[in-house]
Amino acid sequence: VEYAWGVTVIQHYNCTFHKNTALPERGSIYHKLVHRFLCITCNFQMNNVSAVTSKYSGSIYMYKCIIKHHSCKSTFGAMQIHMTSSVIMLNCLFTRNLAEQYGGALSVRDVEQAWIIGSHFMKNVANHGGAVDTFGSRICIINSSFALNKAHGDGGALNIYTADTFISINCEYINNSAHRFGGAVLVEEITEYMIIYKSHFYKNIATTTGGGMTAVEIYNTRILYSSFIGNNANMGAGMNILHFNLIKSIMSIFQENFALFTGGALLIDNINFNFDSTVLFMHNSFHGNTAVNDATAMCIKFVNMLNVYRTVVNLKGNGLQSALIYHTNKISLCDIIIQKASLDQILFELLTTSVFFKNVTFDCPRPTYLQEISDAHAIQGNFKSSLMCSRCKSNFYILEFNIWFSTKVLSIRNFQNQHIRCHKCPMHAICHFGEIKSLPNYWGYVVHHQAEFI
């Protein structure tokens, strides 16, 4: 319909572009070296390639436009904005667009600044970045929503690669899915900072890691007043962060995320990157997250300094530990409450310098991690148990099943609370402060259809 090269200004108002056909990599509108392009209340539907392709241009402004039902057999999706100074998408709707490779709805590459404001992306599909794919571009997304987008590879809604900054403010990511990494969002190689502010990740799914988000090689990450709820992945169901310098999570909620292996809410791993790294959690809530193997709340590895302040961890899953902290140099836990724990509360492994505790409250059972700390030069602080917690009396017992690498094992507890009660020891058995003995073949359970006895 429109081909423009070297034009100063192009403006469209209340236009409709419907069922147009162009050569691959071109669309209903194809621009090169256009200084300014404005498109207001336009409708793009069912065009054979893309709706708009713009390269080597100045500024692009689209307001209240609808882009839907494009099936792009080219590499990129419905809108292709490459090597342009600035892009503003305001109050636009992108739905049911398809790309073979990158950005089912929108592909932004080598753009100095991209703004997506008040826009909605639904049911878009691509190999990478079901809705939006960016490369080498600063991107800021405000008051927008991403729902039911799908990536056959990475980034169900967003695939952000190589940029100075990535900002998400007051956005919603709901029911997006990716076959590999980042059910809602995959972010890689951010050299300055990534900010997630008042954004919500709900019921997103990734087959591998990061049901809500996967972030790799991010210099500075800030998660503020956001929520990760009901996301699923093999590891790091809520969020997976790899290779970083600084992570700050403040006033955020991680709730009912499910990991098949480890890190129900969070998986943070800085191996082989920069050991001089810091993780800070302040006023966060971890509630009802589950990991089948271990680390129901968080799994943190190879971090120089971990600080957790005024955080509540409420657990109900089958994971072996509420938190698995591995190869961490300095740990500070202050004003922490851990509730409804499973077999062990927290496992610290291979610590090198110091651990500091202040006002750390544990629900039952009372933790045994002090015996599991190795190579720690200084352990200091104060501990207190919840008032809901009390030891079983002599001749009383608690038996429960826990999961150890996908196998059910029988464990013994000697503390009760308002949810778990002690039972009176039966005849011919001995129950004394967590130790249970019985006659041969008296107490048993079934493993692989065979009876095992204790």
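**Exercise 1. Work out which residues surround Ser-144, and whether Ser-144 is buried or exposed.**

Step 1. Start with the contacts, where contact means heavy atoms within 4.5 Å. Skip the neighbours within four places in sequence, and Ser-144 touches Ile-116, Ile-117, Gly-118, Ser-119, Asn-170, Cys-171 and Glu-172.

A quick word on what you're looking at: this is a predicted model, where local features need pLDDT of at least 70, side-chain atom pairs count only at pLDDT 80 or more, and totals for chains, interfaces and linings use all residues. Residues are numbered from 1 along each chain as its sequence is written, and side-chain values use heavy atoms, with hydrogens and water left out.

Step 2. Place Ser-144 on the chain: it sits in the loop between strand 20 (138–142) and strand 21 (145–147). Strands (E, at least two residues) and helices (H or I, at least four) are DSSP runs, numbered from the N terminus.

Step 3. Check the cover. Ser-144 has a relative accessible area of 3%, so it is buried (buried is under 20% relative accessible area, exposed over 50%, partly exposed in between, with a 1.4 Å probe and protein chains only).

Step 4. Look at the polar atoms of its side chain. One lies 3.3 Å from the backbone nitrogen of Gly-118, and the backbone oxygen of Ile-142 is 3.0 Å from a polar atom of that side chain.

**Exercise 2. Find where Lys-123 lies and what Lys-123 touches.**

Step 1. Go to the loop between strand 17 (120–122) and strand 18 (125–126); Lys-123 is there.

Step 2. Read its backbone angle: phi of Lys-123 is near 55 degrees, a positive value in a residue other than glycine. Asp-110 also has a positive phi, about 55 degrees, although it is not a glycine. Asp-110 lies in the loop between strand 15 (106–109) and strand 16 (113–117).

Step 3. Look at exposure. Lys-123 is partly exposed at 33%, and Asp-110 is partly exposed at 38%.

Step 4. List the contacts of Lys-123, not counting residues up to four places away in sequence: Arg-96, Asn-97, Ala-147, Leu-148 and Asn-149. As for Lys-68, it is 55 residues from Lys-123 in sequence and 9.8 Å away in space, C-alpha to C-alpha.

**Exercise 3. Say how many disulfides the structure holds, and why Cys-15 has no bond to Cys-42.**

Step 1. Count them: zero. A disulfide is a pair of cysteine sulfur atoms within 2.5 Å.

Step 2. Try Cys-15. Its closest cysteine sulfur, in Cys-42, is 4.5 Å away, so the pair is too far apart for a bond.

Step 3. Now take Cys-42, which is in no disulfide either; the nearest cysteine sulfur to it, that of Cys-39, is 3.1 Å away.

Step 4. Look at their cover: Cys-42 is buried at 2%, while Cys-15 is partly exposed at 24%.

**Exercise 4. Find how many residues the largest nonpolar core has, and which strand gives the most to this core.**

Step 1. A nonpolar core is a set of buried Ala, Val, Leu, Ile, Met, Phe, Trp, Tyr and Cys residues joined through side-chain atoms within 4.5 Å. The largest one has 78 residues, and those with the most contacts inside it include Phe-44, Leu-158, Phe-166 and Tyr-173.

Step 2. Find the strand: strand 38 (residues 298–315) gives the most, with six residues.

Step 3. Zoom in on Tyr-173. Leaving aside neighbours within four places in sequence, its contacts include Phe-146, Leu-158, Phe-166 and His-200.

Step 4. Zoom out again. The protein has zero helices and 51 strands, and 53% of its 454 residues count as buried.

Definitions and conventions
A polar contact is a pair of N or O atoms within 3.5 Å; within protein, one must be able to donate a hydrogen and the other to accept it, and residues adjacent in sequence count only if both atoms are side-chain atoms.
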